[in-house]
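Hi,

Here is the structure I promised to pass on. My notes on it follow below, so have a look and tell me what you make of them.

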Amino acid sequence: MVGELVPATTTSGALGLLWLIPALPLAGAAINLFFGKRLGKPAGVLGSLTVLASFALAALAVRDLLALPAEQRLVLQHLFDWISVGRFHVGADLRLDALSATMILVVTGVGSLIHIYANGYMAGDPRFGRFFAYMNLFVFFMLMLVLGANYLVLYLGWEGVGLCSYLLIGFWFENKENAEAAKKAFITTRIGDTLMLVGLALIVAKFGSLDFEVVFGHAGSVLTKDTATVIALLLFAGAIGKSAQIPLHVWLPDAMAGPTPVSALIHAATMVTAGVYLVVRSHVLFELSGVALTVVLVVGLVTAIFAATCALGQNDIKRVLAYSTISQLGFMFMAVGMRAYTAAMFFLVVHAFYKALMFLGAGSVMHGTHDETDMREMGGLRRTMPITFVTFLVGAAAQAGIPPLAGFFAKDELLEIANHTHRNGVYVLGLVAAFLSALYVGRMVFLTFFREPRSARAERAHESPPVMWIPLAILAAGAVTVGWLNVKAEGRLAAFLESVAGRVPGDAGLAPLTLSAIAVALAVAALVLAWWVYGSGKVDWQAFTEGFEPLPTTLRNGWYVDHAYDVVVIQPAKEVAWLAAHVVDAKWIDGLVNAIGGGVKRLAQGGRLIQTGFVRSYALILFVGAVGILAYVGFRL
Amino acid sequence: MRTPIAYYLLLSGILFALGTIGVLTRKNALLIFMSVELQLNAVNLTLVAFARLHNDLTGQVLAFFSMVVAAAEVVVGLGIIVAIYRRRRTVDVDDARELRW
């Protein structure tokens, strides 16, 4: 169980400037929004600098946090009273503890690299300034999400990142497909968000507060098991939408319509991991329920395998990465479902590095081949784009789980926990998912970079400018090294997070080394298989793929989930809307209104004949009426 | 010796009947208007007469009100009649019937 944290009393230095960490990107967003067009190229420099400064400040704050004794690593900062109604108070409060510290370092660290990269990638775009305004705004909301000390601030960030995601997916809205992808992302995640809002309302009803301290501190005495399950599942529904888990995963592959830095920042490294953060943050509620944790585990597991198979069938390099992200997020939820919160956070950090790296690498490939995204039209890029190739290879190997790269440690720890807690089904299925991950990553690398160019664009490919490959190199260095933060469960990150996330339960199963050997052997086997089919030249991979029809087409279409939604939800909804518009509204409601209008008109048609226009006849009627009334009154008396 | 109330009421009734006949039979807007004034003053007379009978000033006060309102009404009414005359060169009410239907 988590020990009681005592808020630190000394909040001087960087810890006192906690509010400045999100405020800097907000200021950048405001300046770029209003003056971005006039600023021109410096807009990008400004946008990058604000996030970089935010990162520096975050690093200082975390350093100060680490200097505090372990049981005091909690800083609360009250900015102002947000809502104050009767006994219900919500403050705009920030909270820095081990969990949010980890998140802000990832958000600002990876975020600033992606901002720098975007200076090159977005160069020459007519809405260059606005792009950085949106990106900065996103970083602000993301920081509010992870720094919030209550669910309302978290929800503010939660909706804010959703808005920025929408704006950035549809950044090139002239293209109808992009605009529709943006709408799809917004509406799909909104389903989860709405359920989450219901969950928050329930929390208010039960606790009379949204404050993390109050909710988690009193959860045990206030909530019954069933109520905890309802609240936890409602919160998890929000996480499912935001983190693109089954059944709300359909928006993420389409979200690739946005510029590639957006995909890297929002749809790989940060926003989509908000769901994992939410569940880890609320793990007290999930543990009270128990059932909710099982749901999380199952959803994560199913998503991990499902999305991995989809990734295997994609030809668009960014869609491979999108499905890969969904699958990796599934891994994180698996870890959460097994109460291994530290492992989930470790996975999150590591994934942020290698997936951002691969996305930016894919962006670099697109940049070099004039926006080619179809891997079938690539090939041979290792000679023309050597730096992109090497860095991408590092990211791919990290995801595949090749030691000593970061992904290996994260995946290994996860599988080890599954094994050591005697969840053998989870362990075996996790291995399957890991094998598939290595397989599609191998396919992607071999199709893109090996053999000979398969199109004129691929032949004329050129390396990207330094402003783009330097962030790639830094991220690659990160993907190599961050794994050492947490070698096995006793690592430094685990110790750091223990104050918030607790320790992983579990005794012993197979020896850790044996488990690692199995995982690595499978990853290598998958890569060798991918090489044999796509890289060796001994197999005609196109004919090879066609031999499996209709499976490849099914996978490319993501198991036709979109089609199923179209048939089950969208078409019926359109039918109902048509009915409402053309029958209920046009026939019934308009009919009623028209009938009333027509009736009055017919009545007036008859009534107007009384109006002769002769003043004297009116006077006569008046007179007769008056006499009549008088006569009536007289007879009554 | 007080004049009996019946005389006042009789006079008032005659005046009111004259006014009513005027309103109903005349075609000239100005004459109709004057007949309306006659009716008004017939009513004022009954008000004052009853006020005197009951030794209650309320009726007299009400008569003043009625006169003030009548004055205002005359302003508006005459204005309209003048406007109608300027436009049509006649104040025959049977002619001004465009607004029906």
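Helix α14 (residues 291-313) of chain A packs against helix α20 (residues 424-449) of chain A at an angle of about 25 degrees, with the axes 9 Å apart. That makes α14(A) roughly parallel to α20(A) (angles under 35 degrees count as roughly parallel, over 145 as roughly antiparallel, 65 to 115 as roughly perpendicular and the rest as oblique). Axes here are lines fitted to C-alpha atoms, for helices over the stretch in contact, and angles run from 0 to 180 degrees between N-to-C directions. Helices (H or I, at least four residues) and strands (E, at least two) are DSSP runs, numbered from the N terminus.

Before going on, a word on the source: this is a predicted model, in which local features need pLDDT of at least 70 and side-chain atom pairs count only at pLDDT 80 or more, while totals for chains, interfaces and linings use all residues. Residues are numbered from 1 along each chain as its sequence is written, and chains are lettered from A and ligands numbered from 1 in the order in which they are written.

Back to that pair: α14(A) passes α20(A) in a left-handed crossing (the near helix is turned anticlockwise from the far one by less than a right angle; clockwise would be right-handed). On the α14(A) side the contact includes L297(A), L301(A) and T309(A), and on the α20(A) side V426(A), Y440(A) and R443(A) are among the residues met. In contact means C-beta atoms, placed from the backbone, within 7 Å. The residues of this contact divide into 14 nonpolar, two polar and one charged (Ala, Val, Leu, Ile, Met, Phe, Trp, Tyr, Cys and Pro count as nonpolar, Asp, Glu, Lys and Arg as charged, and the others, Gly among them, as polar).

T309(A) also turns up next to another helix: its C-alpha atom is 9.9 Å from that of T554(A), 245 residues apart along the chain. T554(A) lies in helix α26 (residues 551-556) of chain A and is partly exposed, with 15 other C-beta atoms within 10 Å (20 or more is buried, 12 or fewer exposed, and in between partly exposed, with C-beta atoms placed from the backbone). Leaving out residues up to four places away in sequence, T554(A) touches W559(A) and Y560(A).

Now the other helix pair. Helix α5 (residues 128-147) and helix α6 (residues 151-169), both of chain A, have axes that come within 7 Å and cross at roughly 155 degrees. α5(A) and α6(A) are therefore roughly antiparallel to each other, and the crossing is again left-handed. Among the residues making the contact are F138(A) and F141(A) of α5(A) and W158(A) and G160(A) of α6(A). By class there are 15 nonpolar, two polar and no charged residues.

As for chain A as a whole, 28 helices and two strands make up its secondary structure. Of its 637 residues, 52% count as buried, and the C-alpha trace spans about 115 × 65 × 55 Å along its principal axes.

The largest nonpolar core (buried Ala, Val, Leu, Ile, Met, Phe, Trp, Tyr and Cys residues joined through C-beta atoms within 7 Å) has 215 residues, and A344(A) and A356(A) have the most contacts inside it. Its largest share, 19 residues, comes from helix α16 (residues 341-368) of chain A.

Finally, the contact between the chains takes nine residues from chain B and 10 residues from chain A.

Cheers

Terms used: Two residues are in contact if their C-beta atoms, placed from the backbone, lie within 7 Å.
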